[in-house]
Amino acid sequence: MSGSDIGTADGTPDLGRVLASELPITQHLGIAVARADADVVELALPLAPNRNHQGTMFAGSLNAVATLAGWAVVWLEVARAGLAAGIVIQDSTIDYLRPVTGDCLARCEPPLPAARKQFLAALARHRRARLALTVAITVGERPAARFHGRFVALARAGGTGRSTPDQGSR
């Protein structure tokens, strides 16, 4: 998908479609796009399908939604630039700050302009680029977890046009 084809001004409909069709775990976990625009990506994660034996959010679900929020930011950056790339996660860490006892939100802000420019230039020039992002998971206004991940975009043949997810991992 080219940068001019990513959907509405905020990108939400196409991101939701991509997550649902290309990354089916999002449907199983009940993940929904709450917001996706130039300022932030927010993914909502409901407690009910992700509850553990303690009645709190399963840590693996929190890690998954955080990874997907970071992945979505990279996907949107690549799509807006009109480039084609597969996106994988290279490494990550997550700090669980407190038990999650309700629905939560994973929030990831896009890279700063200098980092964005460097990332896109590296992808265009070297056909591979890395981007480090931080995702905050909150319940209401309370912080619940903090995720740091490094994502890799790998240019597809042709280098422009459709930007699609890469279903594998590194």
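**Reading burial, pairing and stacking in a predicted model**

Tutor: W71 and W75 both belong to helix α3, where they are four residues apart, about one turn of the helix. Please bear in mind that this is a predicted model.

Student: What makes the pair W71 and W75 stacked?

Tutor: Two values decide the matter. Rings pair if their centres lie within 6.5 Å, and planes under 30 degrees apart count as stacked. The ring centres of W71 and W75 are 6.4 Å apart and the planes meet at 15°, so the pair is stacked. By this rule, the count comes to one aromatic pair.

Student: Why do residues three or four places apart in an α-helix point the same way?

Tutor: An α-helix has 3.6 residues a turn, so residues at that spacing point the same way.

Student: How do you know whether W71 is buried or exposed?

Tutor: Buried means under 20% relative accessible area. W71 has a value of 5%, so W71 is buried. W75, at 0%, also counts as buried.

Student: What is the covering of helix α3 as a whole?

Tutor: Helix α3 is mostly covered, since 17 of its 22 residues are buried. Its C-alpha atoms span 32 Å from first to last, close to the 32 Å expected at 1.5 Å a residue. Just after α3, G82 has a positive phi of about 75°.

Student: Why is β2 called largely enclosed?

Tutor: Four of the five residues of β2 are buried, so the rest of the structure largely encloses this strand.

Student: How do you know which strands pair with β2?

Tutor: Two strands pair if there are at least two bridges between them. Four bridges join β1 (residues 32–36) to β2, and five join β2 to β4 (residues 104–108). Both counts satisfy the cut-off, so β2 pairs with β1 and with β4. The strands run antiparallel in the pairing of β1 with β2 and in that of β2 with β4. A44 illustrates the arrangement: A44 is the bridge partner of A32 and also of L105 in β4. In addition, β1 and β2 form a hairpin with four residues between them.

Student: What makes T56, in the loop between β2 (41–45) and α3 (59–80), a buried residue?

Tutor: The relative accessible area of T56 is 16%, which is under 20%, so T56 is buried. Leaving aside residues up to four places away in sequence, T56 touches L47, N50, R51, P99, V100 and T101.

Student: Why is R127 called partly exposed?

Tutor: Its relative accessible area is 41%, and partly exposed covers values between 20% and 50%, so R127 belongs in that class. R127 lies in the loop between α4 (113–126) and β5 (128–139). Its phi is near 65°, a positive value in a residue other than glycine. Most residues other than glycine have a negative phi.

Student: How many disulfides does the structure hold?

Tutor: The structure holds zero disulfides. A disulfide requires a pair of cysteine sulfur atoms within 2.5 Å. As for individual cysteines, C104 counts as buried at 4% relative accessibility, and C108 is buried at 0%.

Student: What is the overall composition of the chain?

Tutor: The chain has four helices and six strands, in the order α-α-β-β-α-β-β-α-β-β. Of its 170 residues, 45% are buried. Among contacts with a separation of 6 or more, 72% join residues 24 or more positions apart.

Methods. Residues are numbered from 1 along each chain as its sequence is written. This is a predicted model: local features need pLDDT of at least 70, side-chain atom pairs count only at pLDDT 80 or more; totals for chains, interfaces and linings use all residues. Side-chain values use heavy atoms; hydrogens and water are left out. Buried means under 20% relative accessible area, exposed over 50%, partly exposed in between (1.4 Å probe, protein chains only). Contact means heavy atoms within 4.5 Å. Helices (H or I, at least four residues) and strands (E, at least two) are DSSP runs, numbered from the N terminus. The expected span of a helix is 1.5 Å times one less than its number of residues. Rings of Phe, Tyr and Trp (its six-membered ring) pair if their centres lie within 6.5 Å; planes under 30 degrees apart count as stacked, over 60 as edge-to-face and the rest as tilted.
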